[in-house]
2 protein chains.
Amino acid sequence: MSEDPRVGRSRAIILAAAHEHFVRHGYLGANVDTIAAEAGVSKRTVYNIYGDKESLFRAVLERAFEISERFTRELADGMGGDLEDIAVRLVRAVLGPRVLPLRRMLIGEAGRFPELAREYYERAPGLVMRSLAAHLPAQPGLRIDDPAIAAEHFAFLVLGAPLDRGLFDPDVPADPVARALAGVAAFRRAYEDR
Amino acid sequence: MSEDPRVGRSRAIILAAAHEHFVRHGYLGANVDTIAAEAGVSKRTVYNIYGDKESLFRAVLERAFEISERFTRELADGMGGDLEDIAVRLVRAVLGPRVLPLRRMLIGEAGRFPELAREYYERAPGLVMRSLAAHLPAQPGLRIDDPAIAAEHFAFLVLGAPLDRGLFDPDVPADPVARALAGVAAFRRAYEDR
DNA sequence: CAGAACATGCACTGACGAGTGCAGTAGTGC
DNA sequence: GCACTACTGCACTCGTCAGTGCATGTTCTG
């Protein structure tokens, strides 16, 4: 009655290869034959498990969203520290190689799969915003009237510029951490209680 | 010796239709037959003028970049006013229907055409940043040590959040102008001279 | 008005890629 | 060891789409 282990194994391998490939080439640019080859699996197996290209794509993203969400929650758990600490963790996460390429791809596919792009936004960046809004008021020495706005200001002071730049250019921009700290400093000046 | 007016006319019509279509569907999703039909021109004419799909794509973007650049310069000319004025103009421009969809498409194609994405960044968002950096120090009552950083802070306080949201979701976010003004207020607090 | 240059319509080629069918093989549960 | 189920390899269909060739019609230019 329990599932044949071969299926689970194939599912995992295919999902990993497909994620890599879809993120790199986008939905239309992706090639199921190539995905199968990169997964070291026959094309027939891909189709036996996932049915068609679009279902595979959705399965890849469902898994990617879960991971992003879990990752974001871990990030939120570390929001007890000081602002500089939060900023550095945020920057490292969002500008890292697991997030930026996924963002690029989803934005590019937003016309074809609008509900997926929206869902991602809710489950990752949106969640970051909500977490920040929940934690910022507990920071000492700050005066925060509107937590949602303050969260946006914090996030975009810290990583707005390199994020936007990074969407257009895969080459990492110069030392995002220094900018993040400059962003935190500006945020403190804007929101200090005086 | 001067050019046949038919060619110029066709060029313009095709470019407009192709722009619309490429921005909507991306490079791979675009269809030359459809572009020709939407332009009200035969497919053969498209190929006679532009040679192939990629050349047409590049021609579309070359024109789009010129327009963006010109538009940005006009925006920069209005940077003598106060911050609130600059912010509102900036928001209206960047979050408008001529910019956001183009950005989405270019980000999605950044893997396939990296040099085009980079070029766009330089000629539009990068130019905005440089213009801001050049004008902000002239604002009264502010103390600006690093104009480049201050420009980034201004820009992303003003439109960071709705811009990022807008990349994932075509539906206009609520009231970006109010947010822009809240961003300006935060910027003033962070950079006021005291 | 004559000839050149461009536009049209349409049929066509060729490549590529999604998805299928099937016969054979190998791993799995009992 | 047996029956079952999944995986493989490969050949195949079918649709789509970029790009071409050509004969005919239309619009410039001189």
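**Note on a predicted two-chain model with DNA strands C and D**

1. The copies meet through the same surface, because 100% of the interface residues of chain A are also interface residues in chain B. The model under discussion is a predicted one.

2. On the relation between the copies: chain A is superposed on chain B by a rotation of 180 degrees, with 0.0 Å of shift along the axis and an RMSD of 0.1 Å. This is therefore the relation of a two-fold axis.

3. On the composition of the contact: chain A contributes 36 residues and chain B contributes 36 residues. On the side of chain A that touches chain B, the elements giving two or more residues are α1, α6 (100–108), α7 (114–123), α9 (147–168) and α10 (176–191) of chain A. Of these, α9(A) gives the most, with eleven residues. By residue class, that side of chain A divides into 19 nonpolar, eight polar and nine charged residues.

4. On the nonpolar core: the largest one has 111 residues, and those with the most contacts inside it are A:Leu106, A:Phe154, A:Val158 and, from chain B, B:Leu106, B:Phe154 and B:Val158. Setting aside residues up to four places away in sequence, B:Phe154 touches B:Leu132, B:Leu136 and B:Phe187. As general background, nonpolar side chains tend to be buried together in soluble globular proteins.

5. On DNA strand C: the strand is surrounded by 22 residues, of which A:Asp52, A:Lys53, B:Ser10, B:Ser42 and B:Thr45 are the closest. Two or more residues of this surface come from each of α1 (5–29), α2 (32–39) and α3 (43–50) of chain A, and from each of α1 (5–29) and α3 (43–50) of chain B. The largest share, four residues, is that of α3(B). The surface near DNA strand C holds six nonpolar, five polar and eleven charged residues.

6. On DNA strand D: here 23 residues surround the strand, and the closest are A:Ser10, A:Ser42, A:Thr45, B:Asp52 and B:Lys53. At least two residues of the surface near DNA strand D are supplied by each of α1 and α3 of chain A and by each of α1, α2 (32–39) and α3 of chain B. The largest share is five residues, from α3(A). In terms of class, the surface near DNA strand D consists of seven nonpolar, five polar and eleven charged residues.

7. On the annotations: an unreviewed UniProt entry places the feature "DNA-binding region" at residues 31–50 of chain A. In the model, that span is 80% helix and 0% strand, and its end C-alpha atoms lie 14 Å apart. UniProt, again in an unreviewed entry, places "domain: HTH tetR-type" at residues 8–68 of chain A. Residues 8–68 of chain A are 89% helix and 0% strand, with 22 Å between the end C-alpha atoms.

8. On a single position, A:Ser131: this residue lies in helix α8 (residues 125–135) of chain A. Is A:Ser131 buried, exposed or partly exposed? A:Ser131 counts as partly exposed, because 19 C-beta neighbours lie inside 10 Å, whereas a buried residue would need 20 or more. Beyond residues up to four places away in sequence, A:Ser131 touches A:Ala76 and A:Met79. From A:Ser131 to A:Arg63 the separation is 68 residues in sequence and 22 Å in space, C-alpha to C-alpha.

Conventions
Residues numbered from 1 in each chain as written. Chains lettered and ligands numbered in written order. Predicted model: local features only at pLDDT ≥ 70, side-chain atom pairs only at ≥ 80, totals over all residues. Near = placed C-beta within 6 Å. Nonpolar A, V, L, I, M, F, W, Y, C, P; charged D, E, K, R; others polar. Least-squares fit on C-alpha atoms with pLDDT ≥ 70 in both. Contact = placed C-beta atoms within 7 Å. UniProt positions renumbered as here; feature names shortened; annotations may be inferred. Core = buried A, V, L, I, M, F, W, Y, C linked by C-beta atoms within 7 Å. Buried ≥ 20, exposed ≤ 12 C-beta atoms within 10 Å, placed from the backbone.
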